[in-house]
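Colleague: I am new to this structure. Could you take me through parts of it?

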Amino acid sequence: MTEVALQAVELVRRIEGAVSHTLVNGIDLAVNKGEFVAITGPSGSGKSSLLYLLGLLDAPSEGEVIICGQPTSKLSESDRADVRLTKCGFVFQFHFLLPEFTSLDNVLLPMRAAGIMAEAEMRERGLALLDSLGLAEHANKRPNALSGGQRQRVAIARALANRPEIIVADEPTGALDTASTEQVFSILRNIADQGQTVVVVTHDPALAARADRRIHIVDGKIAEITGRGGGELVCETVS
Ligand SMILES: Nc1ncnc2c1ncn2[C@@H]1O[C@H](COP(=O)(O)OP(=O)(O)OP(=O)(O)O)[C@@H](O)[C@H]1O
């Protein structure tokens with residue numbers, strides 16, 4: 001049976017000010033466990049704003065984000081932070097690794113913050129993650145000794161550290177060369193194929209093409225959904 005990992009219900013994000021601005025304007029979306037979804041759309045259409053709501057990095061003005069069956073809109077800030085830490089992993093366009101930390105120590109950060117595993121277990125997991133991403137020999141290097149693609153792979157290892165249900169990535173290949181872009185595509189695809197849920201904002205049609213579904217956003221609303229459902233190519237235009 002299909003299991004929903006992430007759900008948005010009538011999601012709205014408004015910025016109030018002298019002129020109020022609606023960044024996300026009534027989005028309903030359900031993402032299945034193990035699904036790879038790409039969010040596409042023109043610049044300024046609200047893709048990142050939507051992604052931040054889905055990853056609990058921002059709170060909606062209206063509506064609900066449900067993560068693994070748990071509604072989050074009424075959680076306290078500290079409970080939201082706990083859900084974010086344990087259920088969501090983040091990859092951004094720029095890696096945001098701590099420059100004074102080695103690759104391994106960067107990967108250990110979310111595990112240390114969650115405080116669930118013993119030190120030896122965390123180190124073993126951190127090294128295994130780095131190894132799985134082809135970075136075994138770079139575990140003790142700092143970010144400035146790594147290439148852009150290697151840094152982004154460390155950032156992906158960090159995102160996977162707490163075995164999150166959902167990986168949220170905002171333009172993860174936006175700052176990478178072609179070869180590193182291809183590696184990151186394959187890694188994200190594999191993550192979804194192994195059962196974690198991946199939601200990626202991208203301008204890159206080649207990355208979007210690897211996704212199971214593409215959600216096209218215009219003016220903060222879903223304009224079109226394309227992808228494969230039950231083996232059939234489906235295309236739904238939303239008015
Ligand atoms: N905190 C904020 N206050 C005011 N306006 C904002 C804020 N955050 C985003 N915006 C504006 O809301 C709109 C949507 O931004 P968002 O970053 O979500 O778009 P995007 O589709 O991800 O764009 P891009 O592809 O260029 O990254 C943009 O016009 C942006 O300038």
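Modeller: Some questions and answers on a strand residue, a helix, a ligand shell and a helix pair follow. This is a predicted model, in which local features need pLDDT of at least 70, side-chain atom pairs count only at pLDDT 80 or more, and totals for chains, interfaces and linings use all residues. Residues are numbered from 1 along each chain as its sequence is written.

Colleague: Is Ala8 buried or exposed?

Modeller: Ala8 is found in strand β1, residues 4-15. Helices (H or I, at least four residues) and strands (E, at least two) are DSSP runs, numbered from the N terminus. A residue is buried if 20 or more other C-beta atoms lie within 10 Å of its own, exposed if 12 or fewer, and partly exposed in between, with C-beta atoms placed from the backbone. Ala8 has 21 other C-beta atoms within 10 Å, so Ala8 is buried.

Colleague: Which residues does Ala8 touch, not counting residues up to four places away in sequence?

Modeller: Two residues are in contact if their C-beta atoms, placed from the backbone, lie within 7 Å. Not counting residues up to four places away in sequence, Ala8 touches Ile27, Asp28, Leu29, Leu54, Gly63 and Val65.

Colleague: How many residues of helix α1 are buried?

Modeller: Helix α1 covers residues 47-54. Its buried residues are Lys47, Ser49, Leu50, Leu51, Leu53 and Leu54. Out of eight residues in α1, the number buried is six.

Colleague: Which element gives the largest share of the shell around the ligand?

Modeller: The residues around the ligand (C-beta atom, placed from the backbone, within 6 Å of it) are Ile15, His21, Leu23, Gly41, Ser43, Gly44, Ser45, Gly46, Lys47, Ser48 and Ser49. At least two residues of this shell come from each of β2 (21-32) and α1. The largest share, three residues, comes from α1.

Colleague: How are α5 and α6 arranged, roughly parallel or roughly antiparallel?

Modeller: Axes are lines fitted to C-alpha atoms, for helices over the stretch in contact, and angles run from 0 to 180 degrees between N-to-C directions. Angles under 35 degrees count as roughly parallel, over 145 as roughly antiparallel, 65 to 115 as roughly perpendicular and the rest as oblique. The axes of α5 (residues 148-160) and α6 (residues 178-193) come within 9 Å and cross at roughly 15°. This makes the pair roughly parallel.

Colleague: Which residues of α6 make the contact with α5?

Modeller: On the α5 side are Gly148, Gly149, Gln152, Arg153 and Ile156. From α6 come Ala179, Ser180, Gln183, Val184 and Ile187.
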